[in-house]
Amino acid sequence: MFPTLLRDRDVARKLMDTIIDSPTGRRSMSRLARTCKAMCEPALDVLWRELDSLLPLVSLFPNNIMKRARRPGIGLAKAPNAEDWDRVLVYGERVRRIAYIESSPSVSPSVLAIIVENRPVPYILPHLQTLIWRVDTAAGLERSTFFLNPELQSLILEVGTRVPQLSAYLVNVCSHTQLTAFSFTSPTSLPDTFTDLMRSQNTLEKLALVAPGALSPQVGQWAASLPALHTLELDLTGRSVVAVEGFFDDIVPSGASTPSDASSDSGVFSGDEIDFTEIKKSSLRLTGDLHSGGVLTDLRSLQLTGEVANIAVFLKHITSELTTLELVIEDPPDITDWQDLSALICERFSRALVSLRISATGASRFSELVRSTSRGAVDQTSRHLPLQYLSSLPALVRLDIDLPESSVFHNEDLGYIAKACPNIEILRLCPMARFSGSWGPSLTLEGVSTLTQNCRRLQTLALVLDARAGSTETLSSLEVSSRSLLRLHLGHSVVNDPLHSTILLSHLAPHLESLKWFHEKNRPGYVEANSQGWQKVSDWLPHLQGMRLMERSKTIELEARKPAMKDQIVDATIKKTYVNKFAHVRPKTGEQGIQSTPTLVDRMTEAKPDLLSAFVDATPKCVDTEVDATPQITHQSVGVEPMMADAEVDATPPPETKSMETSFDETENLFRVYDNFHVIPSALPAVLTGLLALACRIFLTYPLSIPKHMLDKSLSMLHAEKANGDEPSHEKHELQVSVSHSTVSTTTEPSNHANPPVCL
């Protein structure tokens with residue numbers, strides 16, 4: 001059977017949704033996921049679809065990085081690395097709804113900080129659709145921005161304290177998401193620019209504002225401008241009637257007009273005439289003939305919190321066909337205001353209202369809790385909430401009233417409900433109420449027969465009653481037996497005779513499947529005798545139900561089998577009678593005209609493409625670098641002077657040779673200067689040659705070397721003066737001496753200016 005169910009995804013999903021909604025559904029679904037591979041993935045998707053805490057995600061981290069493995073919510077000992085995130089990211093893709101409560105001790109706020117700072121991807125829950133965030137600090141509110149993925153559709157915020165950067169947070173929300181549901185609850189007022197910040201969220205279908213400033217005209221105008229809004233929740237607690245009326249001041253109803261608005265006046269004498277427009281509107285408003293355009297015409301579900309008078313004033317402006325109305329009122333309400341509110345609901349919303357829920361505010365419940373738990377307090381009598389003002393609600397399917405003090409109802413009230421709500425299926429009348437002392441519930445089990453007889457669709461009934469024995473008329477009537485009543489919740493109901501109560505209950509609800517009552521001993525208002533009595537009723541009821549159904553089925557079969565018999569004499573004699581008659585037949589004709597005017601509805605559809613603006617910085621990067629290009633100049637002086645040496649040369653040729661070979665030393669080559677006119681003929685004697693050479697040195701070489709030394713000395717002194725200036729001079733000076741008609745080999749060395757050159 002299971003493989004057949006798994007082939008159809010819708011059937012498998014509905015089956016698993018039914019399983020997980022049961023009291024032990026999550027445990028059963030967990031076991032089902034471990035049963036076989038075919039059902040593992042669908043079961044895991046259902047298990048991880050909705051999470052009430054971050055604890056299941058934190059538990060996916062390895063134990064070695066946790067402070068305590070058995071209590072992962074305490075915190076992480078170190079930051080997780082890339083491998084530690086594998087399981088978290090895999091299961092995070094299955095999550096569609098998650099809730100975070102900062103004050104809850106199950107998960108430490110430090111865990112969330114580590115997750116946000118070390119996440120490997122921008123969104124660890126990429127397919128998240130609903131985010132519920134309850135925080136008391138600005139840091140906790142800021143961490144919710146990391147879960148604002150593009151697929152988010154519903155955001156529910158509950159901020160306990162004043163957050164200075166709320167405007168910046170709303171800007172961040174509007175820039176990352178396009179929501180369909182937004183809820184904001186806070187004891188502090190909304191920002192002054194709230195409507196301007198939320199102007200881009202034009203796809204909202206559900207809006208809940210429980211904060212001071214939610215009734216401003218700007219908020220009312222913005223809420224009325226939302227084209228898809230069908231669910232609205234507002235808080236009217238502590239507001240005046242003028243403030244409630246101010247919510248509709250800036251809303252312009254479409255098609256608002258009054259009769260005879262047109263005037264034939266040309267405008268010449270307009271300044272002298274009185275404007276009767278407002279007077280006409282006031283008169284028509286008093287007579288009820290003022291037809292104005294709708295306000296919040298597409299609204300289908302409305303939840304209001306506050307005093308009954310303020311709720312009635314607000315509902316007078318609503319012209320839409322509401323299907324669900326939830327009222328959270330101050331208990332006990334004023335009887336006059338309750339009467340006006342009941343009449344207004346039946347007058348305005350009787351044709352379309354399907355569900356009506358009335359509960360008490362938190363302040364009223366707290367007062368009742370303090371009263372009931374005080375030791376020295378005197379038992380206060382519960383008050384009666386009359387239901388006769390609910391005159392006509394033919395489309396109502398669910399009526400739920402849960403008030404801590406106005407919890408007394410009579411059998412006549414059940415008759416009013418049966419008359420006003422014939423199609424009701426679920427009825428709850430303060431099933432949590434408890435009575436102590438001499439006071440007990442006024443409703444009886446026999447009074448329920450009015451509902452079972454007139455409300456043929458009633459399936460669930462929850463109330464507190466006194467199960468007395470039934471009368472003979474009730475037990476003998478089959479019309480009071482209901483085939484639709486399946487579930488009955490009796491709370492702290494009183495039972496004195498379990499047997500007679502079982503007999504009456506089996507007659508009223510022979511097909512009853514579930515019977516519940518409070519049997520916890522630690523619950524306030526617990527009475528052991530009543531709990532034991534209802535336990536006996538629960539044990540006996542199936543047997544009596546089976547016997548009644550069997551008897552009734554046999555009776556129906558006998559009635560169907562027994563034919564109707566009757567003796568009668570029939571005269572079968574044929575008699576013929578001829579009669580001539582003339583008949584003037586003229587058909588009757590009638591003229592009837594039907595005027596059919598179609599109802600036209602103008603609807604605008606805004607098709608706005610999603611645009612994405614991206615800026616690319618294409619400015620080239622320029623770097624300024626300084627380069628020192630100053631040339632370095634070096635001044636350097638080099639003194640060059642020939643070194644001279646005197647040497648005697650024996651130039652006497654040998655007698656036997658005709659040619660003379662003269663060898664000169666390298667030193668002599670450096671200090672001798674030769675010219676064409678110094679050549680001495682080999683025929684002259686050696687003495688004459690030496691004299692000529694000596695004379696040449698004295699008269700030619702020495703006179704020429706003395707001026708050169710003087711020039712070099714003057715240049716050395718000039719360089720010394722430049723060295724003592726601001727900048728040293730690094731110039732190089734070279735001095736070369738060339739003597740015409742001579743070949744000289746010299747060696748150049750740097751000169752020392754401190755020591756004058758010495759000529760050898």
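**Exercise 1. Which accessibility class does aspartate 340 count in, and at what relative accessibility?**

Solution. The model is predicted.
Step 1: Find the residue. Aspartate 340 sits in helix 15, which spans residues 335-349.
Step 2: Read its value. The relative accessibility of aspartate 340 is 44%.
Step 3: Apply the cut-offs. Buried means under 20%, exposed means over 50%, and partly exposed is in between. Aspartate 340 therefore counts as partly exposed, at 44%.
Step 4: Look across the chain. Valine 308 is 32 residues from aspartate 340 along the chain, and their C-alpha atoms are 9.0 Å apart.

**Exercise 2. Decide whether tryptophan 338 is buried or exposed.**

Solution.
Step 1: Place the residue. Tryptophan 338 belongs to helix 15.
Step 2: Take its relative accessible area, which is 2%.
Step 3: Compare with the cut-off. Buried means under 20%, so tryptophan 338, at 2%, is buried.
Step 4: Check a distance. The C-alpha atom of tryptophan 338 is separated by 9.6 Å from that of leucine 387, a residue 49 positions away along the chain.

**Exercise 3. Work out how many residues of helix 20 are buried, and name them.**

Solution.
Step 1: Mark the helix. Helix 20 covers residues 498-508.
Step 2: Count. Of its 11 residues, eight are buried, and the helix is mostly covered.
Step 3: Name them. The buried residues of helix 20 are Pro498, Ser501, Thr502, Leu504, Leu505, Ser506, His507 and Leu508.

**Exercise 4. Find the cavities of 30 Å³ or more and describe the largest and the second largest.**

Solution.
Step 1: Search the whole structure. Four cavities of 30 Å³ or more turn up.
Step 2: Take the largest cavity. Its volume is about 70 Å³.
Step 3: List its lining. Ser407, Val408, Phe409, Leu429, Cys430, Ala433, Phe435, Pro441, Ser442, Leu443 and Val464 line the largest cavity.
Step 4: Sort that lining by class. The largest cavity has nine nonpolar and two polar lining residues, with no charged ones.
Step 5: Move to the second largest cavity. This cavity holds about 60 Å³ of space.
Step 6: List its lining. The second largest cavity is lined by Leu54, Leu57, Val58, Phe61, Trp85, Val88, Leu112, Ile115, Ile124 and Phe147.
Step 7: Assign elements. Helix 5 (55-58) and helix 7 (109-118) are the elements that give two or more residues to the lining of the second largest cavity.
Step 8: Sort again. The lining of the second largest cavity has 10 nonpolar residues, no polar and no charged.

**Exercise 5. Describe the second largest pocket: its space, its lining and its helices.**

Solution.
Step 1: Take the volume. The second largest pocket has about 1400 Å³ of space.
Step 2: Go to the lining. There are 37 lining residues, and those nearest the centre of the pocket are Asn202, Ser225, Leu226, Pro227 and Glu606.
Step 3: Find the helices. Helix 9 (166-176) and helix 11 (217-225) each provide at least two lining residues. Helix 11 gives the most, with four.
Step 4: Sort by class. The pocket lining has 18 nonpolar, 12 polar and seven charged residues.

**Exercise 6. Which residues form a nonpolar patch on the surface together with phenylalanine 699?**

Solution.
Step 1: Place phenylalanine 699. This residue is in helix 23, residues 686-723.
Step 2: Check its exposure. Exposed means over 50%, so phenylalanine 699, with a relative accessible area of 63%, is exposed.
Step 3: Name its partners. Leu694, Ile698, Leu700 and Tyr702 form the patch with Phe699.
Step 4: Take the area. Together the patch residues have about 490 Å² of accessible area.

How values were computed
Residues are numbered from 1 along each chain as its sequence is written. This is a predicted model: local features need pLDDT of at least 70, side-chain atom pairs count only at pLDDT 80 or more; totals for chains, interfaces and linings use all residues. Side-chain values use heavy atoms; hydrogens and water are left out. On a 1 Å grid over the protein atoms alone, a cavity is a set of points where a 1.4 Å probe fits but cannot get out, and a pocket is an open set with protein on both sides within 12 Å along at least five of seven lines; lining residues have an atom within 4 Å of a point. Grid points are joined across faces, edges and corners, and a volume is the space filled by probe spheres set on the points. Ala, Val, Leu, Ile, Met, Phe, Trp, Tyr, Cys and Pro count as nonpolar, Asp, Glu, Lys and Arg as charged, and the others, Gly among them, as polar. Patches are made of residues with over 30% relative accessible area and no salt bridge: like charges are joined within 9 Å, nonpolar side chains (Val, Leu, Ile, Met, Phe, Trp, Tyr) within 5 Å. Accessible areas come from the Shrake-Rupley method with a 1.4 Å probe; for residues, only the protein chains shown count as cover. A salt bridge is a side-chain nitrogen of Lys or Arg within 4 Å of a carboxyl oxygen of Asp or Glu. Buried means under 20% relative accessible area, exposed over 50%, partly exposed in between (1.4 Å probe, protein chains only).
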